[in-house]
Each structure stands twice: as C-alpha cells, then as structure tokens.
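Colleague: Could you take me closely through one helix packing in this model, residue by residue? I would like to know what sits around it as well.

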Amino acid sequence: MAIAAGHTGAPVVEHLLPTGALRRRYLVERLVRLSLLITASLTVLITLLIAASLIPPAIEFFGEVPLREFFGSTTWAPLFGTPQFGVWPIVLGTAMVMVTAVLVSVPLGLAAAFYLSEYASPRTRKFLKPILEVLAGIPTVVFGFFGLYFINPELVKRFWPFGEPGTYSALGAGLVVGVMIIPIVASVSEDAMSAVPSALRDGAFALGATRREVCTGVIFPAALSGIIAAIVLAVSRAIGETTIALMVAGSNPRFTFNPGEGMQTMASFIGFAGIGDQPTGSTGYKTIFAVGLLLFAITFVLNMISIRVVRRFREVYE
Amino acid sequence: MTTVEAVASGDELPTELASTVSASRRAKDRSFQAVLAFALLVAFGTLVTLIVTTLLDGWDRLNWDLIRNFPSARPAKAGIQSAIFGSLWVVGFTALVSLPLGLGTAIYLEEFAHSEQWYNRVIEINIQNLAGVPSVVFGILGLAFVVRGPLGWGFTVGSAIVVLTMLVLPLVIIASREAIRAVPSSLRDGSLALGATQWQTVWRQILPAAIPGIATGSILSVSRALGESAPLLLLGALAFVTYNPSSLADGYTVLPLLIFKYASDAKAEFHAVAAAAIIVLLAILLTLNSAAIVIRNRFQRKG
C-alpha cells in the first residue's frame with residue numbers, strides 16, 4: 001500500500017503514518033486547504049447574492065408594471081406622482097453615451113496600442129505606459145467634474161450645431177467616458193499585439209513590407225480577437241458608468257437622438273433613484289432593481305462574450 | 001544595416017533599394033505614423049487639459065482650512081475633513097477585510113486547486129465576471145441586503161465596508177494571482193523536493209517571494225476603492241455629514257462623493273471647493289500609486 005504524499009491532497013493511509021507530528025501536519029494541510037476553498041467560494045456567494053438581490057424585486061416589479069408598458073412606452077417617469085414606466089429613454093440614453101465613448105476610446109486606444117507595440121522605443125514606452133496608468137487611476141467623479149465644467153460649456157455648447165446644448169449633454173458624457181476607457185482598450189489590445197509571434201512580424205518585414213503594412217496587414221488581423229475583446233470590454237464599461245453620466249448627461253430621461261441634449265442612462269437612473277430615498281417596497285424602489293437587472297444582464301452577456309472570444313482565438317497560437 | 005532593418009526603421013533607404021518601396025507606400029507609412037502620433041496627442045492633451053483646468057479652478061481654495069473644516073452651507077467655510085476621515089475609515093477597513101480574503105482565494109486557485117475540477121473552473125470564471133460588473137450593481141446589492149433587508153445596517157460605515165469589499169475583492173484576487181504566478185517554479189519545486197508540504201511551501205517560500213507583487217496589487221485595489229463613487233450613492237454617502245466617524249455604525253461621507261456634492265451645488269462658489277478637493281484626492285492617489293510603482297520597480301530588479 002502506498003503512502004500517498006500529503007501535498008496532492010489524496011487520501012493518506014492514516015495508520016501507516018509514522019509519527020503524531022506527521023499526523024498533525026496532515027490535519028493542518030487538510031484544514032488549510034478547506035478554509036482556502038471556503039474563502040474562494042465567497043466569490044461565488046457574491047454573484048449569488050447579486051442575483052438574489054436583483055431577481056425577486058424585479059419579478060415583483062414586472063408583476064406590477066406590465067411588460068407592454070416597460071418595453072412599449074417612451075416615457076420614463078417612475079418616481080413621479082403618476083408614474084410612467086417606458087424604459088426606452090434610458091436605454092437610448094445609455095446607447096448614445098456608449099456609442100460616443102466607443103467612437104472615442106477605440107481609435108485612440110488602438111492608436112496607443114499600435115504605437116506602444118510597434119513604433120515606440122523603450123524610452124518612449126517607459127514614458128507612455130505610466131501616463132496610461134495615471135489615466136486609468138483617475139476617479140470617475142474627477143472626469144465628471146471635467147465633463148460638466150469644461151467639455152460641456154467649452155466644447156459641446158460652443159460647437160455642437162444641432163439644437164441648443166445646455167448644461168448637460170450625452171455627447172459630453174460620451175466624450176469623457178471615452179477618454180476614461182482609453183487605457184482599457186490600449187492595454188488589452190497591446191497585450192494581444194505583443195502576443196503575436198515575432199515570426200509573423202519578421203517574415204512580413206523580410207518580404208519588404210513597411211511598418212504600416214505590417215500593422216494593418218499582419219498585426220491587426222493576428223491580434224483581432226484581443227482587439228475585439230478590448231472593444232467589448234469598452235462597451236461594457238461605458239454602459240455601466242454611473243457617476244460621469246449623472247454629472248455630465250444629467251437626470252432628465254429625454255427620448256432623443258440628438259447627443260447634444262442631456263439624457264439619463266440606465267446606470268445614472270439607478271444612481272439618481274438611490275440618492276432620493278425611495279421607501280422600501282414601493283414600485284419606485286423596485287424600479288431600481290428592474291433596471292439594475294437589465295443592466296447586469298447586458299454587461300454579463302458582454303463580459304461572457306469577451307472571455308469566450310479571447311479564449312477561442314488564443315488557442316490559435318498555442 | 002540590413003534591408004529588413006532599413007525598411008523596418010522607416011529611415012531613408014539606400015538608393016539601390018529605393019525602388020522596392022514605392023513613394024506612395026512610403027507616404028502611407030508616414031501618414032499612418034502621423035495619425036498615430038496625432039491620436040496620442042489628443043489623448044495626452046485631454047489628460048493635461050483636465051489637470052490644468054482642475055488646478056486653475058481649485059488652486060485658490062487649496063489651503064489647510066479646506067482640510068480642517070467640515071462641510072458647511074457657506075462656501076467660504078466649507079471643508080472636507082469629514083470626507084477624509086470617512087474615506088480613511090471605509091477604505092481602511094475594506095483593505096483589512098478584502099486583502100486576506102483575496103489573498104486566500106488567490107493562493108487556493110494558484111497552489112491548491114486543480115483546474116480540471118468543475119467547481120474550480122466555476123470559481124475562476126465567476127471572478128472574471130465579477131471584475132466586469134458595473135460598480136453601481138454592488139450598490140444595489142448593498143441597498144437590498146445590507147442597508148435594508150436582512151442586515152438592516154442603514155447608511156453606515158459598516159454597510160460601505162461590506163459593499164466596497166465585494167467590489168474590490170476580484171481585483172485583489174487577480175493581482176495576487178499574478179504575483180504568485182510570477183514566483184519562479186524552481187522555488188516551489190525545490191521546497192517540495194526537500195520534503196515540505198504544500199502549505200509549508202506556500203507559507204515559507206512562495207508568499208514571502210510574492211509579497212512585492214501582492215503589495216503593489218493591494219495598493220492599487222485600495223486606491224480604486226478610494227476613488228469609488230457610484231455604489232456609495234446608494235449607500236447614503238451623499239449625506240451632509242459634519243462629523244468624523246467614530247464607529248462602524250456611524251453615518252459617513254467619502255471624498256469622491258463630497259466632491260460630487262460640491263460640484264453639483266447650485267452655488268457656483270462651491271465648484272471651486274470641489275476642484276480643490278479633487279486636487280487633494282488626486283494627490284492622495286498619486287502618492288499611493290507612486291508607492292506601488294516604487295515597490296514594483298525596486299523588487300523587479302532583484303527578481
């Protein structure tokens with residue numbers, strides 16, 4: 001009979017253990033392994049708690065508010081005296097901020113990634129990477145302040161030709177969210193680009209390609225999965241952004257396609273409703289959870305897609 | 001230089017090779033580089049503009065009174081002391097709780113878990129998902145179960161700690177895992193070969209070697225918690241708080257939310273206070289992140 005080693009966690013034939021000290025050591029090992037497993041399972045508990053906090057009130061909400069009104073009406077006024085629950089204004093608001101943010105962050109982030117991975121000297125890289133890290137570390141409320149008191153008045157209000165931009169605009173919020181997201185796009189894309197085998201790069205150069213041709217013809221297609229993952233992450237982050245949307249796009253759930261106007265997003269509605277103390281059990285209170293569930297579901301799906309995409313294409317090179 | 005190096009560096013090519021790269025291709029190469037440089041300029045310029053405008057707005061209100069005073073209805077007397085202590089309490093305890101839990105999870109996943117087993121894969125995917133959940137959803141969870149509901153702690157420091165811990169935990173786990181992974185496997189293998197058990201190896205060899213990485217990751221997670229605003233909106237941190245917390249059951253406010261409050265105030269004089277508070281917040285974060293970078297650089301050279 002073999003004495004299986006304690007460190008694989010396989011069962012040990014206890015009566016063959018020579019000393020009490022070894023037996024104690026074995027118990028300690030099992031105990032440690034168990035407590036670490038319990039610790040790790042806490043994260044699963046968190047996800048279950050999120051689901052448990054969102055789903056029951058959302059179900060109650062849809063018992064009180066017909067789906068036809070939720071998905072059929074374009075007036076969102078759930079906290080008013082005579083409430084209306086058409087969700088499209090805040091979904092559209094979220095989409096407008098997100099699209100603007102992606103239009104800003106993806107080109108700029110990819111440019112940063114290309115530059116870092118293909119063009120920059122080690123000295124420039126040492127200068128550029130900390131700047132991206134600084135950008136990534138700035139709190140959202142600081143971006144919100146910048147958007148509200150610089151981007152909106154100086155840029156949007158002055159230069160946006162459609163309508164009459166006021167204090168708030170989805171465009172300003174989108175621009176600022178976009179800048180905030182640049183480091184995410186840049187770092188995920190740059191990881192993908194660095195992972196491209198240098199054989200592909202060198203082969204292209206050997207065949208006489210210019211650096212641009214290598215970037216667009218070799219690196220970009222090869223790193224495409226990582227770049228897509230970066231874009232999906234950017235979309236997900238932009239959709240979930242609360243503070244900037246609240247400060248820069250405002251709290252008026254307007255249903256409009258003009259980004260120069262203020263709008264409310266799903267996340268900023270949740271923040272807004274959370275500030276005003278909604279009585280527990282009221283329909284207004286439950287609206288927070290219904291919108292929260294919608295938001296969580298959308299970002300969950302996006303994150304799963306991003307994880308899958310990276311995993312599927314990573315196999316190509318390994 | 002070889003042909004490959006010449007083409008790759010984008011320099012002028014030796015004349016006998018000039019015809020291999022047509023003028024139009026070279027022009028496209030140059031313009032692409034210009035586009036990249038322009039894009040980077042825009043990004044960098046926005047960051048600089050942000051910093052400069054904030055400094056211009058807040059510089060006049062930046063004095064010791066700002067930190068000594070509590071929030072007030074009068075802009076000239078308004079300060080941020082309650083927010084600084086509130087942040088200290090909330091973030092301090094969050095770090096105290098989340099670091100051991102996160103580190104323990106990371107140790108389990110890296111050293112003890114076999115990735116073929118289904119529950120370990122569930123744990124891993126779950127952590128990746130949690131890292132992508134919008135922060136406001138954690139606020140909803142806190143509102144439902146901690147502020148109201150089963151725990152019923154209300155708008156207190158304790159509620160904030162629970163919620164922020166859940167939010168920061170995935171980040172601590174991911175950072176600690178990378179730190180543990182960076183420890184050379186020769187250390188692990190050698191220890192095991194000498195007869196140490198797994199836990200002995202982890203506790204006496206791997207953890208000490210991974211401490212710089214863990215410290216860096218922890219500092220970055222803490223600074224993330226310091227800057228959080230969205231979930232705390234739902235946890236009552238936007239209140240007008242004129243005292244420092246003295247227990248976990250006290251009301252509180254945190255710096256990002258006090259900034260939000262001042263910035264949203266109808267009176268324009270408060271906006272300068274908000275800008276000054278932003279400068280203080282950024283200074284704190286800059287100090288923390290620099291500490292993290294210093295730790296990372298100092299110990300990377302040894303490794």
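Modeller: Happy to; here is a walk through the pairing of helix 4 and helix 9 of chain B, followed by some of its surroundings.

First, the ground rules. This is a predicted model, in which local features need pLDDT of at least 70 and side-chain atom pairs count only at pLDDT 80 or more, while totals for chains, interfaces and linings use all residues. Residues are numbered from 1 along each chain as its sequence is written, chains are lettered from A and ligands numbered from 1 in the order in which they are written, and side-chain values use heavy atoms, leaving out hydrogens and water.

Helices here are DSSP runs (H or I, at least four residues; strands are E, at least two), numbered from the N terminus. Two packed helices are described by the angle between their axes and the distance between the axes. For helix 4 (residues 81-112) and helix 9 of chain B, the angle is about 140° and the axes lie 9 Å apart. The axes are lines fitted to C-alpha atoms over the stretch in contact, with angles from 0 to 180 degrees between N-to-C directions. The two helices are therefore oblique to each other; angles under 35 degrees count as roughly parallel, over 145 as roughly antiparallel, 65 to 115 as roughly perpendicular, and the rest as oblique. Their crossing is right-handed, meaning that the near helix is turned clockwise from the far one by less than a right angle.

Which residues of helix 4 of chain B meet helix 9 of chain B? They are S87(B), V91(B), A95(B), L99(B), L103(B), I107(B), E111(B) and F112(B). Facing them in helix 9 of chain B are Q198(B), W199(B), V202(B), I206(B), L207(B), I214(B), S218(B), V222(B), A225(B) and L226(B). Contact means heavy atoms within 4.5 Å. By class, this contact has 14 nonpolar, three polar and one charged residues, where Ala, Val, Leu, Ile, Met, Phe, Trp, Tyr, Cys and Pro count as nonpolar, Asp, Glu, Lys and Arg as charged, and the others, Gly among them, as polar.

E111(B), in helix 4 of chain B, deserves its own look. It is buried at a relative accessible area of 11% (buried is under 20%, exposed over 50%, partly exposed in between, with a 1.4 Å probe and protein chains only). Beyond its neighbours within four places in sequence, E111(B) contacts I180(B), R188(B), Q198(B), V202(B) and I206(B). L171(B), 60 residues from E111(B) in sequence, is 18 Å away, C-alpha to C-alpha.

Over in helix 9 (residues 198-227) of chain B you will find T201(B), buried at 2% relative accessibility. With the neighbours up to four places away left aside, T201(B) touches R188(B), S191(B), L192(B), A196(B) and I206(B). R188(B) and I206(B) are thus contacts of T201(B) and also of E111(B).

Finally, T165(B) belongs to helix 7 (residues 157-181) of chain B and is buried, with a relative accessible area of 7%. Setting aside residues up to four places away, T165(B) is in contact with T94(B), V97(B) and S98(B). V90(B) is 75 residues from T165(B) along the chain, with 9.7 Å between their C-alpha atoms.
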